[in-house]
Structures are given as C-alpha cells and as structure tokens.
Amino acid sequence: MKILVTGGAGFIGSNVADALIAAGHDVAIVDNLATGSLANVNSSARFYEADIIDHQRLEEILDAERPDVVSHHAAQVNIRVSVARPLFDTSVNVLGTVSVLEASALAGVKRFIFVSSGGAVYGEPLVIPTTEDTPASPISAYGAAKLSGEHYCNVYRAVRGLPFVILRYANVYGPRQSPEGEAGVTSIFARLMLQRKPCTIFGDGSKTRDYVHVHDIAQANLLALDKGEFGVFNIATGRQVSDQQVFDSLAAAAGYTEPANYAPFRAGEVSRSALDCTRAREVLGWAPTINFDEGVASVVDYHRADLGLA
Ligand SMILES: NC(=O)c1ccc[n+]([C@@H]2O[C@H](COP(=O)([O-])OP(=O)(O)OC[C@H]3O[C@@H](n4cnc5c(N)ncnc54)[C@H](O)[C@@H]3O)[C@@H](O)[C@H]2O)c1
C-alpha cells in the first residue's frame, strides 16, 4: 500500500514508518521538524518538509503522492505547552488536523488513521481501566483538540465519505522518544540517571499512567491498515504504573542509587490513567507484547548508546 505518515520524523511516527516499510509498504512522510529529526526518517521513505497548517502545500503533496492511507501523527504533543499556549496548540492540533483531513478527502484517500490520546481525551476518568464508551471530558487544551480531531473524522465521513480509524494511544514510550519535551518521562529520567543527575517527580509519585511500548504501537498501526473501519480503539496495556514505579524501574535498569526529588503537581494532567484495550484485541487482533521492565531496559539501552556510554 501507499501510505503517507504525517509526523513521520517524530518519535512514534518514525517507528510506525519503519514498521510499515519493513512490512513492504511504500511510505511518504510529511513533517515540519518542529520536534522531529531528519535522523529518524527512514531512508526508504520520501520526505517532505512541510507544515500541516500550510494547506495548499499539503494539497500539492497529497495530489502528487495519491496515498491509499494517511496516518496522521503530526501534532503539538506537549500538554504543558497546550495549557500555556492554547491558541498555538489549537492551530496545529485542530486546524492542522482539518487541513490533513481536507487534503486527504480531495486526494481520494481510502483510509484516514487518526492518532488520538487516551491519556488526554477522557480527562479525569470515572472508570479505570477506561473503555472507549466512557464519556470523553478532557481537562487540557491538548485533550480537547484531540477529541475535536476525532469529531472532525466523523464529519469527513458524513460529508465526504472518508473512511477512518481512530487510535487512542496510552502513554507511549521507547527508543527515539525525546528527552527535551515533557511527555517522555521515561526518556527524561533515563537520561538524567545515566548522567548521574537529579530527577524530579511532579506530585508525590502516586500519579499513574498506562505505558505502552512504541513497538506495540507500530503493530497496532499495521493492523489498522485493513481492520477496524470507523472504529475508535484504545491502544494500551490496561495497567497503571505510578511515577514512583517508573523512577524505581529505571533506577534499577540504569544502576542509579540517588533518591527522587519531589515538586508540586502540574495543572492539566490527570492523576490516574489506564485504558481497557479489549476492543483492540477483539476487532484488530492486537495485544501488547512488551512488559514495562523489558520496555524500560530498551529505553535505557537506547540512551546509553546515544550518550556514548555503551
Ligand atoms: N507520546 C505519547 O505518549 C502519545 C500518547 C498519545 C498520543 N500521542 C500522539 O502521537 C503522535 C506522535 O507523538 P510523538 O510522541 O511521537 O511526538 P513527536 O513530537 O516526537 O512527534 C510529532 C511530530 O509531528 C511533527 N509536527 C509537529 N507540528 C507539525 C506541523 N505543524 N506540521 C508538520 N509536522 C509537525 C513534529 O516535528 C514531530 O516530528 C501525536 O499525534 C501525539 O499527539 C502521543
């Protein structure tokens, strides 16, 4: 299949592009390199440095490529940026998404895979693990924008007949995740620990997240190419891991012996999260395969090599 991946120079998009290429697909990537890197771009992919908000350019690229599938990963991904700069977040995550949807509909795309966030759209969840049928009630601009993107997928289905699949990722971690941003606590801690620097936990360490490895995310994307049309799927493990557990697992893998520092909890973040992935198992035939300790070891190995400590 011919597949265009937006955000394919970023952490998740590049891992997804690699998996698509390894499975024999023909891949093009659109990315403005805001947080992504050319070093992540698979050499077998055609790369377009472009901003998804630049609709005319996007239309030209889609018209030239005529992909069967668009996998929309490009986004402003930092929750704290979304709280501090909601207009910027909305421009990339709402207007940018509509821009990609519009160009996809015009180019006759057969399937639009929209990457949403299960950690953000449900808000403070009423039920854990949270199912897709739980009412969405985001508490950050980022979550509101992702939910809006989901609604626009429905709009493009209704008015333009564009088929979609929505994947609501839990907290994704693994090799290539940037330690620069706020989202990748495993990368941030792994790097600090390997450099023997202090690590700060925001809150008392009890905040939980559902950590799913990027390898498993890539497999879900392969399955979503031809399964689950018009479905919304949590891609997650169903298991809560606390910030303290993240710190302890990484410390064990990195041989770090210092205690954590603690700072006040940050606005816009939910206190507990884990997602039910039964629907993904039943409809897509997907299940997570990498447990947290195994996954954490892959993160430490990646950063050890990146820091030249291997
Ligand atoms: N990391 C997570 O835990 C997580 C969880 C749920 C959902 N997601 C979603 O997965 C997707 C990928 O996130 P990631 O963690 O790999 O982050 P990332 O920052 O590594 O990737 C985002 C990519 O989008 C590109 N981009 C940003 N703005 C753009 C624009 N205006 N035009 C073109 N490209 C642009 C960036 O340069 C980057 O390569 C995002 O849609 C994110 O919301 C991530």
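Colleague: How do the residues of the shell around the ligand divide, and how many of them are charged?
Modeller: This is a predicted model, in which local features need pLDDT of at least 70 and side-chain atom pairs pLDDT 80 or more, whereas totals for chains, interfaces and linings use all residues. Residues are numbered from 1 along each chain as its sequence is written, and side-chain values use heavy atoms, without hydrogens or water. In the shell (residues with a heavy atom within 4 Å of the ligand), 16 residues are nonpolar and 10 are polar, with Gly counted among the polar ones. The charged group, made up of Asp, Glu, Lys and Arg, has 3 residues.

Colleague: Which residues come nearest to the ligand?
Modeller: There are 29 residues around the ligand, and five of them are singled out by their position. The nearest are Ile12, Asp31, Thr35, Tyr142 and Val172.

Colleague: What share of the area that the ligand exposes when taken alone is buried by the protein?
Modeller: Several polar contacts (pairs of N or O atoms within 3.5 Å) reach the ligand: a ligand nitrogen is 3.0 Å from a polar backbone atom of isoleucine 52, and a ligand oxygen is 2.6 Å from an N or O atom in the side chain of threonine 35. Tyrosine 142 also places a polar side-chain atom 2.6 Å from an oxygen atom of the ligand. Of the 820 Å² that the ligand exposes on its own (an accessible area found with a 1.4 Å probe), the protein buries 94%.

Colleague: Which element gives the largest share of the shell around the ligand?
Modeller: Helices here are DSSP runs of at least four residues and strands of at least two, and at least two shell residues come from each of α1 (11-22), β5 (111-117), α6 (141-160) and β7 (171-173). The largest share, 3 residues, belongs to β5.

Colleague: What does the crossing of the two axes make α9 in relation to α11?
Modeller: The axes (lines fitted to C-alpha atoms, with angles from 0 to 180 degrees) of α9, residues 243-254, and α11, residues 292-306, come within 9 Å and cross at roughly 55°. Because angles under 35 degrees count as roughly parallel, over 145 as roughly antiparallel and 65 to 115 as roughly perpendicular, α9 is to α11 oblique.

Colleague: At what angle does α7 pack against α11?
Modeller: The axes of α1 and α8 (residues 214-223) come within 9 Å and cross at roughly 55°, and these two helices are therefore oblique to each other. For α7 and α11, the axes lie 9 Å apart, and the angle is about 55°.

Colleague: Which residue is joined to isoleucine 128 by a cis peptide bond?
Modeller: The bond has an omega of about 0°. The partner of isoleucine 128 sits in the loop between α5 (118-121) and α6, and this partner is proline 129.

Colleague: Which residue has a positive phi although it is not a glycine?
Modeller: The residue is found in the loop between β7 and α7 (185-194). With a phi of about 85°, it is arginine 176.

Note on methods: Polar contact = N/O pair within 3.5 Å; in protein donor to acceptor, adjacent residues only side chain to side chain.
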